[in-house]
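Let's take a walk through a protein model together, one stop at a time. Keep the 3D view open and turn it as you read.

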Amino acid sequence: MPDHIPRAGVRFQCQGSGNCCVSHGEYGYVYVTLADRRRLAATLGIKTQQFTRRYCIKTEGLFHLDMKNGDCVFLDGKRCAVYDGRPTQCRTWPFWPENMPAKRWAAIAEFCPGIGQGNLIPLDTVREILSEQRRSNAEL
Ligand code: SF4
C-alpha cells in the first residue's frame with residue numbers, strides 16, 4: 001500500500017459532484033463486465049443484449065459505456081440515473097489500483113471533491129475495494 005494511504009485509513013465521501021462521470025482524458029471510459037451489464041440491464045428492466053446494444057461500445061475488445069460528448073450516457077445533471085446498478089468501476093472509485101501512486105492520487109484529488117471528506121475508510125476496507133476492482137478488471 002502506498003505511503004500516502006496512512007495506516008489509519010483515508011477520508012473519502014462522495015460529494016455528488018458528478019466529476020468522476022465525465023471524461024478526464026486518460027480516465028475516459030467506464031468499463032463494464034458482463035456482470036455489470038447484467039445488473040444494469042436488470043436495473044433498467046431490459047435484456048442484457050439490449051443494454052449492450054443501446055448503451056455500450058467495444059474498444060480494443062473491451063466493453064465500456066457510451067459517452068456523450070465526454071459525459072457518461074447515464075449522467076443526468078450531476079446524478080447517476082442507474083445509481084443502484086452502477087458499474088463496479090463506479091462503486092469502487094477512487095480506490096482503483098492505478099490511482100494508488102501518490103502522483104495520480106494528487107491528480108484525482110484535483111477534480112474529486114470527495115477525497116479528504118467524511119469518515120476514515122480503514123486501510124483493510126481500502127484493500128478490499130482494491131481487490132474488488134482488480135477482480136472486475138480481470139473479468140473485462
Ligand atoms: S454509471 Fe453512473 S456513476 Fe458511473 S460514470 Fe455513469 S453516471 Fe457516473
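Start with helix α1 and look for its buried residues, which are D36, R37, R39, L40 and A41. Keep in mind as you look that this is a predicted model. What do the buried residues of α1 pack against? They pack against α2, β2 (56–59), β3 (62–65) and α3 (88–92). You may notice that the list of buried residues includes D36, R37 and R39. Being buried here is a matter of counting neighbours: a residue qualifies if 20 or more other C-beta atoms lie within 10 Å of its own.

Now zoom in on one of those partners, α2. Helix α1 covers residues 34–44 and helix α2 covers residues 48–55, and their axes come within 8 Å of each other. They cross at roughly 95 degrees, which makes α1 roughly perpendicular to α2. Which residues meet there? On the α1 side you'll find R37, R38, L40, A41 and L44, and on the α2 side T48, Q50, F51 and T52. Sorted by class, this contact is a mix of four nonpolar, three polar and two charged residues. Just after α1 comes G45, which takes a positive phi of about 70 degrees.

Next, let's go looking for the core. The largest nonpolar core has 16 residues, and V30, L65 and C72 are those with the most contacts inside it. Which elements give two or more residues to this core? They are α1 and α2, the helices you just visited. There's a broader pattern to keep in mind here: in soluble globular proteins, nonpolar side chains tend to be buried together.

Pick out C72 for a moment. Leaving aside its neighbours within four places in sequence, C72 is in contact with C21, V30, L65 and M67. Some of these names come back when you look at the ligand. The residues around the ligand are C21, V30, C72, F74, L75, C80, V82, R86, P87 and C90. By class, that shell has nine nonpolar residues, no polar ones and one charged one. The charged one is R86.

Time for some backbone oddities. As a rule, most residues other than glycine have a negative phi, and most peptide bonds are trans. With that in mind, find E60 in the loop between β2 and β3. E60 is not a glycine, yet it has a positive phi of about 50 degrees. Is E60 buried or exposed? It is exposed, because E60 has 5 other C-beta atoms within 10 Å, and a residue counts as exposed with 12 or fewer.

N69 tells a similar story. Look for N69 in the loop between β4 (67–68) and β5 (71–72). N69 isn't a glycine either, and it has a positive phi of about 50 degrees. N69 is exposed too, with 6 other C-beta atoms within 10 Å.

The other oddity is a peptide bond. The one from W93 to P94 is cis, with omega near 0 degrees. You can find P94 in the loop between α3 and α4 (102–111). Remember P94, as it turns up again in a moment.

Move on to C112, in the loop between α4 and β8 (115–121). C112 is buried, with 21 other C-beta atoms within 10 Å. Not counting residues up to four places away in sequence, C112 touches N19, C20 and P94. How far apart are C112 and N19 in sequence and in space? They are 93 residues apart in sequence and 6.3 Å apart in space, C-alpha to C-alpha.

In strand β8 you'll find I115, which is partly exposed, with 19 other C-beta atoms within 10 Å. Setting aside residues up to four places away in sequence, I115 touches F12, P94, I108 and A109. So P94 is touched by C112 and by I115. The C-alpha atoms of I115 and C14 are separated by 7.9 Å, although the two are 101 residues apart along the chain.

Our last stop is W105, found in helix α4. W105 is partly exposed, with 17 other C-beta atoms within 10 Å. Beyond its neighbours within four places in sequence, W105 is in contact with H4, N99 and M100.

Key:
Residues numbered from 1 in each chain as written. Predicted model: local features only at pLDDT ≥ 70, side-chain atom pairs only at ≥ 80, totals over all residues. Axes fitted to C-alpha atoms, helices over the stretch in contact; angles between N-to-C directions. Helix = DSSP H or I, 4+ residues; strand = E, 2+ residues; numbered from the N terminus. Parallel < 35°, antiparallel > 145°, perpendicular 65-115°, else oblique. Contact = placed C-beta atoms within 7 Å. Near = placed C-beta within 6 Å. Core = buried A, V, L, I, M, F, W, Y, C linked by C-beta atoms within 7 Å.
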